[in-house]
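Trainee: Got a minute? I'd like to go through this model with you.

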Amino acid sequence: MIVDGIDMLPGAAEYPRNQWYVIAWSHEVEVGKMLARECCDDPVLLYRDDTGRPIALFNRCPHRGMMLTSATGRIVDNTVQCGYHGIRFDGRGKCVEVPSGGTCPTKMCVRSYPLIEKWKWLWIWMGDPALADEALIPDHRYLGLEDSEMFSEPGLRLEVKANYLLPLENLVDATHITFLHHGLIDSGNVATHPYKVVVDGSRLSSVRVFENETLPPMLRAAMGIKGERVNRTLTLTAFSNNLCEIRQNFEEIDIPGAQPARLNLIVSVTPCHATLTQHFALFCGSFENRHPGRFEDLRNLLMEDVVVIEEIQLLFNRLGRERAPEVSVAADDVNIRARRSIAAMILRERELSASAGQASAV
């Protein structure tokens, strides 16, 4: 699918760089230790300085091309020291020492990325630093992550060997739940249930309302339900291209006086490169979820998606786009809208880049 000249075919879709992406859980990045990650084709190095401030740098020494996170690389006095020739870079990516002598060449520097610690995530901006607007990060209060009446905790990190658009669309596609997840999170009623599409700024949602619904054991456990039946609203939302939320607002029918409750499954979508995506997934709810198997259940559920998505990517790679056509149906409405929204972001990037190039040439 080509949208305004942008390739948005799942399996090969482009992604915007002028965007925030979750690069790590906060607890993964420690003072004095380096962590290697990827985002939008860039190798990224993460660490904290002595004050606890998180820093993100391009993970390649410009001297002879060694990764700064190699086994012999280390943190020295709040700087990153390359393990090949000992050249050091500060948190801005500026070279501060060449041990073999001489001045630091002007070009001896590495890129520094805007990085924001919000809730218990580290969000990185991969594009033009001048455009890094914190307001573009998905609203954490809306998600419940910055709401004092909601309970949340870090969850899982998963890698998906596929183009980011495949897992993104999977997460906001309710119709696969009935068939792929074998009754784990529905009673066979989601795929055929009527829904409405809601557009709110960068949020695209499908909303389904169920009355007097019987839920399967796994879903009852995750939602802390004591009875079996609920009235439930299921909302699946894509936030631009970097995060999805599966929101369940429900009220127990079998328990007299039961108060309305809410449970969100929140999953970030971070493109590492063309065919590798990273997820950071968690639960956030109006109640404290003490179900002991919650993380194991979540991993098992998401892995059912991962296995299928990776199979789709492998087959796409083997067949190529000419032999792997895509045909959409009415229920794909939210995903098609999301593709157009993402394509518009990429197109704006190209236009800005072209304008900057013309200005510099004058």
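The chat below covers cavities, cysteines, aromatic rings and a few single residues.

Mentor: Keep in mind that this is a predicted model. Where do you want to start?

Trainee: Cavities. How many are there of 30 Å³ or more?

Mentor: The structure holds three of that size. The largest contains about 350 Å³ of space. The second largest contains about 70 Å³.

Trainee: Which residues lie nearest the centre of the largest cavity?

Mentor: Ile 185, Ile 246, Gln 248, Leu 265 and Leu 301. They belong to a lining of 27 residues.

Trainee: And which elements give two or more residues to that lining?

Mentor: Three helices and three strands, as follows. The helices are helix 2 (165-171), helix 4 (217-223) and helix 5 (294-319). The strands are strand 17 (229-239), strand 18 (243-252) and strand 19 (261-273).

Trainee: Which one gives the most?

Mentor: Helix 5, with six residues.

Trainee: How does the lining of the largest cavity divide into nonpolar, polar and charged?

Mentor: There are 16 nonpolar residues, six polar and five charged.

Trainee: Now the second largest cavity. What lines it?

Mentor: One run of the lining is Val 172, Asp 173, Ala 174 and Thr 175. Tyr 195, Ser 206 and Arg 208 also line this cavity, and so do Ala 331, Val 334 and Asn 335. Strand 16 (203-214) and helix 6 (333-361) each supply at least two of the lining residues.

Trainee: Same breakdown for that one, please.

Mentor: Five nonpolar, three polar and two charged.

Trainee: Switching topic. How many disulfides does the structure hold?

Mentor: Zero. Take Cys 39, which is in no disulfide. The nearest cysteine sulfur belongs to Cys 40 and is 4.0 Å away. The cut-off for a disulfide is 2.5 Å between sulfurs.

Trainee: Is Cys 39 buried or exposed?

Mentor: Cys 39 counts as buried, because its relative accessibility is 0%.

Trainee: Why is there no bond for Cys 244?

Mentor: Distance. The closest cysteine sulfur is in Cys 39, and at 15 Å it is too far for a bond. Cys 244 is buried too, with a relative accessible area of 1%.

Trainee: On to the rings. How many aromatic pairs are there?

Mentor: The count comes to nine. Phe 250 and Phe 287 form one that is edge-to-face. The ring centres are 6.4 Å apart, with 80° between the planes.

Trainee: Where do those two sit in the chain?

Mentor: Phe 250 is in strand 18. Phe 287 is in the loop between strand 20 (276-285) and helix 5. The pair links distant parts of the chain, 37 residues apart. Phe 250 counts as buried, at 6% relative accessibility.

Trainee: Which rings link into a cluster?

Mentor: Trp 25, Trp 119, Trp 121, Trp 123 and Phe 280, joined by ring pairs.

Trainee: Which charged ends sit over rings?

Mentor: Here are two. The charged end of Arg 232 sits over the ring of Phe 210, 4.9 Å from its centre. The charged end of Arg 247 sits over the ring of Tyr 142, 4.3 Å from its centre.

Trainee: Backbone next. What is the phi of Asn 78?

Mentor: About 70°, so a positive phi although Asn 78 is not a glycine. Asn 78 is found in the loop between strand 7 (74-76) and strand 8 (79-81). At 28% relative accessibility, Asn 78 counts as partly exposed.

Trainee: And Asn 212?

Mentor: Asn 212 also has a positive phi, near 50°. Its place is in strand 16. Asn 212 counts as partly exposed, with 44% relative accessibility.

Trainee: What about Glu 211? Buried or exposed?

Mentor: Glu 211 is exposed, with a relative accessible area of 67%. Glu 211 is in strand 16. From Glu 211 to Leu 46 the C-alpha distance is 47 Å, and the two are 165 residues apart in sequence.

Trainee: Last one. Where is Ser 355 found?

Mentor: In helix 6. Ser 355 counts as partly exposed, at 43% relative accessibility. Its C-alpha is separated by 29 Å from that of Leu 243, 112 residues apart along the chain.

Terms used: Residues numbered from 1 in each chain as written. Predicted model: local features only at pLDDT ≥ 70, side-chain atom pairs only at ≥ 80, totals over all residues. Heavy atoms only, no water. 1 Å grid on protein atoms, 1.4 Å probe; cavity = no way out; pocket = protein on both sides within 12 Å on 5 of 7 lines; lining within 4 Å. Points joined across faces, edges and corners; volume = space filled by probe spheres on them. Helix = DSSP H or I, 4+ residues; strand = E, 2+ residues; numbered from the N terminus. Nonpolar A, V, L, I, M, F, W, Y, C, P; charged D, E, K, R; others polar. Buried < 20%, exposed > 50% of the residue type's maximum accessible area, 1.4 Å probe, protein only. Phe/Tyr/Trp six-rings, centres within 6.5 Å; stacked < 30°, edge-to-face > 60°. Lys NZ or Arg CZ within 6 Å of the ring centre and 35° of its normal.
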